[in-house]
Amino acid sequence: MPTNTAAWILSSREQVTVKDAPYTPAGPDEVVIENSAVAINPLDWKLQSFDPIPTFPVKYPMILGSDVAGTIIEVGNNVHARKVGERVIAHCVGFAVGRPEASGYQKFSITPEAYAVPIPDHVNFEAGAVLPLSCDSAMAGLFLEDHLGLKLPAADANRKDEALVVWGGSSSVGCSVIQMASAAGYDVFVMASKRNHELCSSLGSVRNFDYADSDVVDQVVEALQGKTVVGAYDCVGDHEKTLKPCTEILVNSAGKKLVVTLLEPPGDVSANGVRTIRTNIRGTLSNPEVLIAVHSWMAEALAQNRLQPKPDPTVIGHGLEYVQIGLDRLKEGVSAAKIVVTL
Ligand SMILES: NC(=O)c1ccc[n+]([C@@H]2O[C@H](COP(=O)([O-])OP(=O)(O)OC[C@H]3O[C@@H](n4cnc5c(N)ncnc54)[C@H](OP(=O)(O)O)[C@@H]3O)[C@@H](O)[C@H]2O)c1
């Protein structure tokens, strides 16, 4: 049996300790991935720094990490779609469900078969690792019926008079939201800092606005004239700086009055008929048809260069010892970058 090593958090608010971890075989519907790269997400440093977080009760010792890229080395008895030797990326949900063996920051991670997405040879592990959590967050917010409920990506998608407002297009989640919504045929109107407009356009946005402009809301409302707005995705989750202006845009535009946001709003922030809902990735578990359809699209779109692993990875080191450095680095903030550790 292989020997496993993990970046453990032994008790609340402690720094990472790299040490042995049990090797857990795959359950019937699971695969074991030998990780070659892992990405750091804001939730990781927040859980380490601010525990307890009400929506994420965790048990110690625990292992953080949602994003992995590597090679399948074992499959469970009921697994048919994935096979040993396949290069995949996966969203690991271990710390959310109290299963350290299903977290990302270790040599071997377990994940449900449905969460593992094959990657083509031209996508290296470092690049692939930037995608899983951001794509699953984009998928939940855009396509679940009780979120924005948009049409799924399709080769012949064309809804040119329908527009989606995306605040924070250069964030990790924003890059995936732009790509998926645009593949589903919607006109994507994006707020990002000016230096990242080119990136947003390269991912499929049709209009970019500088969120630093004092009249940015008016600019967007004006540009949306004649369009039917299908809602807004706040890919930052700041009540004052991002959620409120998204709400104002929808109040003053024709179409759906719903903002999907990534962080829990402070109480009921519905205003002038515009509702707000926090992205609930777990909702994809009760809607496997959406999960399977979007993950199949991801595999195909990656193979055909229609889904780009963005933002680009910033590889900060090799080995689990770099996970703590990565957590500290992300806490300082990034602009259109994803911190990645290779293993
Ligand atoms: N609910 C969920 O399921 C879920 C899932 C994933 C993430 N999250 C949360 O969602 C947030 C985003 O995560 P992430 O990984 O995508 O973040 P990230 O990539 O680390 O975010 C950095 C980006 O945020 C942009 N940004 C910062 N302030 C902005 C503003 N006022 N307007 C527009 N853009 C702004 C920056 O853009 P510029 O450089 O262009 O200024 C930068 O590129 C985090 O708080 C995370 O914890 C929640």
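## Exercises on a predicted model

In this predicted model, the side chains of D312 and K310 form a salt bridge, with 2.9 Å from N to O.

**Exercise 1. Classify D312 and K310 as buried, partly exposed or exposed.**

Step 1. Take D312. Its relative accessible area is 41%, so D312 is partly exposed.
Step 2. Take K310. Its relative accessibility is 17%. The cut-off for buried is under 20%, so K310 counts as buried.
Step 3. Look at the backbone beside the pair. The peptide bond from K310 to P311 is cis, with omega near 0°.
Step 4. Place P311. It is found in the loop between α9 (288-303) and β15 (313-318).

**Exercise 2. Find which residues E30 contacts, and state whether E30 is buried or exposed.**

Step 1. Locate E30. It belongs to strand β3, residues 30-39.
Step 2. Check its cover. At a relative accessible area of 12%, E30 is buried.
Step 3. Search for backbone partners. A polar atom of the E30 side chain lies 2.8 Å from the backbone nitrogen of G27.
Step 4. Search for side-chain partners. The side chains of E30 and R99 are joined by a polar contact of 2.7 Å.

**Exercise 3. State how many salt bridges the whole structure holds, then work through E264 with R278.**

Step 1. Count. A search of the whole structure gives 11 salt bridges.
Step 2. Read the distance. The closest N and O atoms of E264 and R278 are 3.7 Å apart. The limit is 4 Å, so the pair qualifies as a salt bridge.
Step 3. Place both ends. E264 sits in the loop between β13 (258-261) and β14 (275-278), and R278 in strand β14, so the pair ties together parts that are 14 residues apart in sequence.
Step 4. Classify each end. E264 is exposed, at 54% relative accessibility. R278 is partly exposed, with a relative accessible area of 25%.

**Exercise 4. Give the N to O distance for E300 and R306, and classify both residues.**

Step 1. Read the distance. E300 and R306 form a salt bridge whose closest N and O atoms are 3.4 Å apart.
Step 2. Classify E300. Its relative accessibility is 46%, so E300 counts as partly exposed.
Step 3. Classify R306. Its relative accessible area is 38%, so R306 is partly exposed.

**Exercise 5. Name the residues of the negative surface patch, then place D215.**

Step 1. List the members. D215, D218, E222 and E248 form the patch.
Step 2. Place D215. It lies in the loop between β11 (207-210) and α7 (216-223).
Step 3. Check accessibility. D215 is at 36%, so it counts as partly exposed. A patch residue needs over 30% relative accessible area, so D215 passes that cut-off.

**Exercise 6. Locate R13 and A336, which have positive phi although neither is a glycine.**

Step 1. Take R13. Its phi is about 65°. R13 lies in the loop between β1 (4-9) and β2 (17-21). At 51% relative accessibility, R13 counts as exposed.
Step 2. Take A336. Its phi is about 50°. A336 lies in the loop between α10 (322-331) and β16 (338-342). A336 is partly exposed, with a relative accessible area of 22%.

**Exercise 7. Place P61 and describe the peptide bond that leads into it.**

Step 1. Inspect omega. The peptide bond from Y60 to P61 is cis, with omega near 0°.
Step 2. Place the residue. P61 lies in the loop between α1 (42-50) and β4 (62-63).

Conventions. Residues are numbered from 1 along each chain as its sequence is written. This is a predicted model: local features need pLDDT of at least 70, side-chain atom pairs count only at pLDDT 80 or more; totals for chains, interfaces and linings use all residues. Side-chain values use heavy atoms; hydrogens and water are left out. Patches are made of residues with over 30% relative accessible area and no salt bridge: like charges are joined within 9 Å, nonpolar side chains (Val, Leu, Ile, Met, Phe, Trp, Tyr) within 5 Å. Accessible areas come from the Shrake-Rupley method with a 1.4 Å probe; for residues, only the protein chains shown count as cover. Lys and Arg count as positive and Asp and Glu as negative; His and the chain ends are not counted. The place of a charge is taken as NZ of Lys, CZ of Arg, CG of Asp or CD of Glu. Helices (H or I, at least four residues) and strands (E, at least two) are DSSP runs, numbered from the N terminus. Buried means under 20% relative accessible area, exposed over 50%, partly exposed in between (1.4 Å probe, protein chains only). A polar contact is a pair of N or O atoms within 3.5 Å; within protein, one must be able to donate a hydrogen and the other to accept it, and residues adjacent in sequence count only if both atoms are side-chain atoms.
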